[in-house]
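Welcome to a short tour, best taken with your viewer open. Please load the model, show the backbone, and keep the selection tool at hand.

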Amino acid sequence: MENTAVLQTIENDREIGWDLDSGFLFAYQKAMLLALKEQGTLDEMQYRYAEQMLKTQKQEYIKKKITY
(Lines give C-alpha, C1' and ligand atoms only; values in the text may rest on other atoms or scores of the structure.)
Protein backbone atom coordinates (compact mmCIF):
# COMPACT_ATOMS: atom_id res chain seq x y z
CA MET A 1 0.00 0.00 0.00
CA GLU A 2 1.37 3.40 -0.98
CA ASN A 3 1.25 6.39 1.38
CA THR A 4 -0.19 9.56 -0.10
CA ALA A 5 -0.72 13.04 1.24
CA VAL A 6 -4.11 14.71 0.89
CA LEU A 7 -4.77 18.43 1.23
CA GLN A 8 -7.68 18.80 3.61
CA THR A 9 -7.91 22.55 4.24
CA ILE A 10 -6.21 25.81 3.39
CA GLU A 11 -5.89 28.41 6.14
CA ASN A 12 -4.85 32.05 5.73
CA ASP A 13 -4.77 31.70 1.95
CA ARG A 14 -2.92 34.57 0.26
CA GLU A 15 -0.81 35.15 -2.81
CA ILE A 16 2.92 34.69 -2.28
CA GLY A 17 5.11 37.48 -3.63
CA TRP A 18 8.70 38.70 -3.46
CA ASP A 19 7.84 41.77 -1.38
CA LEU A 20 6.60 39.85 1.65
CA ASP A 21 7.91 36.36 1.11
CA SER A 22 11.39 36.66 -0.41
CA GLY A 23 12.94 34.53 2.34
CA PHE A 24 10.38 31.79 1.83
CA LEU A 25 10.75 31.86 -1.95
CA PHE A 26 14.54 31.66 -1.68
CA ALA A 27 14.30 28.66 0.67
CA TYR A 28 11.71 27.00 -1.60
CA GLN A 29 13.87 27.43 -4.71
CA LYS A 30 16.92 26.11 -2.89
CA ALA A 31 14.92 23.09 -1.71
CA MET A 32 13.90 22.41 -5.32
CA LEU A 33 17.54 22.54 -6.40
CA LEU A 34 18.51 20.11 -3.63
CA ALA A 35 15.69 17.75 -4.65
CA LEU A 36 16.88 17.81 -8.27
CA LYS A 37 20.41 17.08 -7.09
CA GLU A 38 19.23 14.15 -4.95
CA GLN A 39 17.28 12.73 -7.91
CA GLY A 40 20.38 12.90 -10.03
CA THR A 41 18.84 15.43 -12.42
CA LEU A 42 21.57 17.92 -11.49
CA ASP A 43 25.16 16.97 -10.89
CA GLU A 44 27.28 18.77 -8.25
CA MET A 45 28.62 21.35 -10.68
CA GLN A 46 25.17 22.18 -12.07
CA TYR A 47 23.77 22.44 -8.55
CA ARG A 48 26.50 24.84 -7.41
CA TYR A 49 26.03 27.00 -10.50
CA ALA A 50 22.25 27.16 -10.00
CA GLU A 51 22.67 27.86 -6.29
CA GLN A 52 25.05 30.74 -7.05
CA MET A 53 22.58 32.16 -9.56
CA LEU A 54 19.86 31.96 -6.92
CA LYS A 55 22.04 33.77 -4.36
CA THR A 56 22.85 36.46 -6.93
CA GLN A 57 19.17 36.85 -7.73
CA LYS A 58 18.38 37.31 -4.04
CA GLN A 59 21.19 39.87 -3.57
CA GLU A 60 20.02 41.86 -6.60
CA TYR A 61 16.46 41.86 -5.28
CA ILE A 62 17.64 43.14 -1.89
CA LYS A 63 19.70 45.91 -3.52
CA LYS A 64 16.76 46.89 -5.70
CA LYS A 65 14.40 46.96 -2.74
CA ILE A 66 16.79 49.13 -0.68
CA THR A 67 17.20 51.71 -3.44
CA TYR A 68 13.43 52.24 -3.77
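A residue is called buried when its relative accessible area is under 20%, exposed when it is over 50%, and partly exposed in between (1.4 Å probe, protein chains only). Two notes before we start: residues are numbered from 1 along each chain as its sequence is written. This is a predicted model, in which local features need pLDDT of at least 70, side-chain atom pairs count only at pLDDT 80 or more, and totals for chains, interfaces and linings use all residues, while side-chain values use heavy atoms, leaving out hydrogens and water.

**Stop 1: the whole chain**

Colour by secondary structure. The protein chain has two helices and zero strands; helices (H or I, at least four residues) and strands (E, at least two) are DSSP runs, numbered from the N terminus. Now rotate the C-alpha trace: along its principal axes it spans about 55 × 40 × 10 Å. The radius of gyration of the protein chain is 16 Å, whereas a compact globule of 68 residues would have one near 11 Å. That radius is taken over C-alpha atoms, and the globule rule is 2.2 Å times the number of residues to the power 0.38.

Switch on the surface. The protein chain exposes about 6400 Å², with carbon and sulfur atoms supplying 55% of it; the areas come from the Shrake-Rupley method with a 1.4 Å probe, and for residues only the protein chains shown count as cover. Of the 68 residues, 13% count as buried.

Next, colour by charge. The 9 positive and 11 negative charges have mean positions 11 Å apart. Here Lys and Arg count as positive and Asp and Glu as negative, without His and the chain ends; each charge is placed at NZ of Lys, CZ of Arg, CG of Asp or CD of Glu.

**Stop 2: the core**

Which residues make up the largest nonpolar core? Select Phe26, Leu33, Leu42, Tyr47 and Leu54, and you have its five residues. The elements giving two or more residues to this core are α1 (18-39) and α2 (44-67). A nonpolar core is a set of buried Ala, Val, Leu, Ile, Met, Phe, Trp, Tyr and Cys residues joined through side-chain atoms within 4.5 Å.

Stay with Leu42, which sits in the loop between α1 and α2. Is Leu42 buried or exposed? Leu42 counts as buried, at 17% relative accessibility. Show its neighbours: not counting residues up to four places away in sequence, Leu42 touches Leu33, Leu36, Lys37 and Tyr47. Contact means heavy atoms within 4.5 Å. Across the protein chain, residues 24 or more positions apart account for 37% of the contacts with a separation of 6 or more.

**Stop 3: the loop around Leu42**

Select Gly40, also in the loop between α1 and α2. Gly40 counts as exposed because its relative accessibility is 54%. Draw a distance from Gly40 to Lys65: the two are 25 residues apart in sequence and 35 Å apart in space, C-alpha to C-alpha.

Asp43 is found in this loop between α1 and α2 too, and is partly exposed, with a relative accessible area of 41%. From Asp43 to Lys30 the C-alpha distance is 15 Å, for a sequence separation of 13 residues.

**Stop 4: acidic residues on the helices**

Go to Asp21 in helix α1. With a relative accessible area of 9%, Asp21 is buried. What does Asp21 touch, not counting residues up to four places away in sequence? Look for Arg14, Glu15 and Ile16.

Move to helix α2 and pick Glu51. Glu51 is buried as well, so its 14% relative accessible area is worth a look on the surface view. Leaving aside neighbours within four places in sequence, Glu51 is in contact with Lys30 and Leu33.

Further along helix α2, choose Glu60. Glu60 is exposed, with a relative accessible area of 51%. The C-alpha atoms of Glu60 and Glu15 are separated by 22 Å, and the two residues are 45 apart along the chain.

**Last stop: before the first helix**

Finish at Asn12, in the segment before α1. Its phi is near 55°, a positive value in a residue other than glycine. Asn12 counts as exposed, at 72% relative accessibility.
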